Amino acid sequence: MYTVLVVDDAAFMRLAIKNVLEKHNFKVIADAKNGKEAVEKYIEHKPDIVTMDITMPDMSGIEALKKIMEIDPKAKVVMISAMGQERMVKEAVLSGAKNFIVKPYKEEHIVKTLLKVASEK
Amino acid sequence: MASDRRDDSLLELFVFETVQYIQLLEKIILEAGSDDRFSDSAINEIFRIMHTIKGSSAMMSYEHISTLAHKTEDLFFFIRENPLAEYDITVVSDFVLSFIDFINSEINSIRQDKDADTERAEVLGRAIEKYLTEIRAEGENDKQSDTAKVSDNLYKATLYFEEDCGMENIRAYAVLLELAEFATVTSYDPADIEESDDSADEIRENGFTVYFESDRAFDELKSHFSDIPLVRDVILSQGDAEDTSDSGVRTEPKPLEITLPPEEKLEVEASDKSGAAKTEVKSGGKAEAQTRGKASKQSARKTDPYQPMQSLISVHVSKLDKLMNLVGELVIAESMVVEKPGQNGSEHNSFHREAVQMHKIISEMQELVMSMRLMTLVATFQKINRIVRDMTKKLGKEVKLNFAGEETEVDKNVIEHISDPILHLVRNCIDHGIESRDERIAAGKPEIGTVTVEAYSAGSYVYITVSDDGRGLNKEKILEKAKRNNLINDSTESMTDREIYNLIFLPGFSTSETVTEFSGRGVGMDVVMQNIGEIGGNVSVDSTPGRGTSVTMKIPLTVVIIDGMNIAVGDRRFTVPVSAIKEFFKPDMKNVIKNTDGYEMIMVRGDCYAIVRLHEIWDIETGVTNLSDGILVVVEQDEKRRCLFVDSLIGQQQVVVKSMPELIKRSRLAEGIVGCTLLGDGSISLILDMNWLVNSDIR
């Protein structure tokens, strides 16, 4: 069972993602509501995979991604983006994000993506 | 999508958060107020809020909200990315405020399960788009195409992404980035994936084709592509070098079609059609090198200055209500135990000390629970700002708004009941009270009118006053109108100014000749009175012609636990709020008189009060019918006093107000009763309605 850290400033999105993941046998071991918390929680829990919202107060998802990649170059971060954030997603991919999901996402998309990313070496 | 499985808690959270964002949004816009540009942090914050609303509403399948938020976000994206762009802050603010109004009404519709107002969203969306097009500067489109390199080991791969996975062009870009680790990309189609987001549509239809040169084996490449998340299909072919100057028709010497294993493909298709989400994905052979890009080129954007308050948590109000109730029960249970110490053999020495200790803890707990339900009036006052802004703009009046005591804390229940009345009063002040500019100058007043909203607490009450320096109430007009609407009879000479002014609280009263958009629809002050009355408060008005009007609302701090005096009438128990009791005494029959209508009155130190016999009102059998056998309790409400005649006093106690069962509430018997409570001995006591007792026609 893969462990997941869910990062999103909206409690709604955190719950929505958690619901989907737990239905599909992922274990959400922690969540964070901003970039700063995400980095702290990453260090604390070392999750197999991170889902990271991009636009957040108090350190954006991109910055958090960069920090996490610095700490752990093997980190597997999947960005959660909304439509219209192409530039930022591009930056995230350049900065080491494994992949990304576009909101509103299909349940199967998020599951497939996380499974593939998690199973990579 | 989430529509088919959205559960209540998710919806609740969605509504809760969205409302919070909207409030924040309103605050930002109003703070920007008279500046001619938004600050960077305001723009970032608005952008972020729009973005979040867009995301969550799309998840809840409120597409119209999502689309509108997206358009507004676009506008702010443009403003943010083009610091030199010219825009009119009032126009942009109006867009955002309309957006706020729209969301508020949609949330109401959601709560009431009504249909979405997509038309309104579209109209607003078009207006925003139009404005954006207007301010958008001419951009230049340069397209670059890579120069080709000819070599051996040339491959062509066409990738198809899953339906609706989004941002296909960026996905293609990510593919290129990975490919660059072990291959030399010669060209790709569409070529403008980096520059134009429209290329995403093209990829969706025709797939993304990339020509590259690599030393890796065919199978290895095949599995690399199939292992990219959300790739639905790959067509890989190995061929000779090709001219890559343009994306014309190509020949494929050795076409070799590779797709994902059939069973998986079938499953994907099936789930696409049915929309059901159960999809197993195999994670078999994987690409060897999952490499990532080099360190980022651009530095990150500025961090947001907005810091959420980490030390607060949100608790559902129903839980607080329940806790409050339980503490109430505990208070009652306490008095049950303390009142009859003899029964459980606890009459020994330490009992009293222990009882005092317990009482101390319970009182503290009660205070704490009550304080948890307290909210400041800041949010309520915030709404006033908005109304004043809208109204002054529309009516062409200039009004200065003063606040005082917005940090006053009130029970949440109370806040819900006073928000609308306060807003209504402010609307009235601006609409009816404050004169037009010319009128004010003619009257020798400052050109700009002033509306003051003030709150303070005293004793167990909160006072909220809304006042203006406008034209004041017109006594003659009020009387005339009241007569016309049959609200009073002809004998008006004996009425005091205050009594006349208070006529405006009667149902169906509105003095404004012209009905405007903001106030004066005839549902006015009576609603204010009713709302405040429901929470045990009252409203009074004071006015000086030419100098202004002030309306004061007096509201109990909390409505759940009151200090009550328990009284007995026959075998019944009643509770009178201690705050209403002025005095009680054994009557001296010498002072009792009967007026010509047969009403019993009593003289107390020169004042004459009507006597209300409780046993007669509710037909209670009692041995105490002679005034000299019982006790008279003088109660006061709205500056009116009456004497209640009761058998005896039982004692003072904090009581928890419980509402009456619906069935009883609807019957006429419930008149004069506001609720009930449990006494220390376990019996039920009815809480008397002071308003009714001092005002109704009872003998």
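# Helix Contacts, Sheets and Confidence

Me: Is the crossing of helix 4 of chain A and helix 6 of chain B left-handed or right-handed?

Reply: This is a predicted model, in which local features need pLDDT (the predictor's confidence in each residue, from 0 to 100) of at least 70, side-chain atom pairs count only at pLDDT 80 or more, and totals for chains, interfaces and linings use all residues. Residues are numbered from 1 along each chain as its sequence is written, while chains are lettered from A and ligands numbered from 1 in the order in which they are written. Helices are DSSP runs of H or I with at least four residues, strands are runs of E with at least two, and both are numbered from the N terminus. A crossing is left-handed if the near helix is turned anticlockwise from the far one by less than a right angle and right-handed if clockwise; for helix 4 of chain A and helix 6 of chain B it is right-handed.

Me: At what angle do the axes of helix 4 of chain A and helix 6 of chain B cross?

Reply: Axes are lines fitted to C-alpha atoms, for helices over the stretch in contact, and angles run from 0 to 180 degrees between N-to-C directions. The axes of helix 4 (residues 86-94) of chain A and helix 6 (residues 168-179) of chain B come within 10 Å, crossing at roughly 20°. The pair is therefore roughly parallel (under 35 degrees; over 145 is roughly antiparallel, 65 to 115 roughly perpendicular and the rest oblique). The angle asked for is roughly 20°.

Me: How many nonpolar residues are in the contact of helix 4 of chain A with helix 6 of chain B?

Reply: In this contact (C-beta atoms, placed from the backbone, within 7 Å), A:Glu86, A:Val89, A:Lys90 and A:Val93 meet B:Asn169, B:Ile170, B:Tyr173, B:Ala174 and B:Leu177. Ala, Val, Leu, Ile, Met, Phe, Trp, Tyr, Cys and Pro count as nonpolar, Asp, Glu, Lys and Arg as charged, and the others, Gly among them, as polar. The contact thus divides into two charged, one polar and, as nonpolar residues, six.

Me: Which ipTM does the predictor give the complex?

Reply: Two scores are given for the complex. The pTM is 0.48, and the ipTM is 0.81.

Me: Is helix 10 of chain B roughly parallel or roughly antiparallel to helix 11 of chain B?

Reply: The axes of helix 10 and helix 11 (residues 350-372) of chain B come within 10 Å and cross at roughly 160°. At that angle, helix 10 of chain B is, relative to helix 11 of chain B, roughly antiparallel.

Me: How many charged residues does the contact of helix 10 of chain B with helix 11 of chain B have?

Reply: Helix 10 of chain B passes helix 11 of chain B in a left-handed crossing. Residues meeting there include B:Leu320 and B:Glu334 in helix 10 and B:His359 and B:Gln366 in helix 11 of chain B. By class, there are 13 nonpolar residues, two polar and, as charged, one.

Me: Which strands are the edge strands of the sheet ordered 20-12-13-22-21 in chain B?

Reply: This open sheet has five strands with mixed pairing (strands pair if DSSP finds at least two bridges between them). Strand 12 (residues 561-569) and strand 13 of chain B are antiparallel over six bridges, whereas strand 13 and strand 22 (residues 684-688) of chain B are parallel over two. Strand 21 (residues 673-678) and strand 22 of chain B are antiparallel over five bridges. The strands that pair on one side only are, in chain B, strand 20 and strand 21.

Me: What is the bridge partner of B:Phe574 in strand 22 of chain B?

Reply: B:Phe574 is itself the bridge partner of B:Ile567. In strand 22 of chain B, the partner of B:Phe574 is B:Leu686.

Me: Which residue takes a positive phi in the hairpin of strand 21 and strand 22 of chain B?

Reply: Within this pairing, B:Gly675 is bridged to B:Ile687. The hairpin has five residues between the strands, and a positive phi near 90° is taken by B:Gly682.

Me: Where in chain B is confidence lowest?

Reply: Chain B averages a pLDDT of 76, with 80% of the residues scoring at least 70. The highest mean is 91, in strand 13 (residues 572-577) of chain B. pLDDT stays under 50 over residues 241-310 of chain B. At a mean of 40, confidence is lowest in helix 9 (residues 262-274) of chain B.

Terms used. Contact = placed C-beta atoms within 7 Å.
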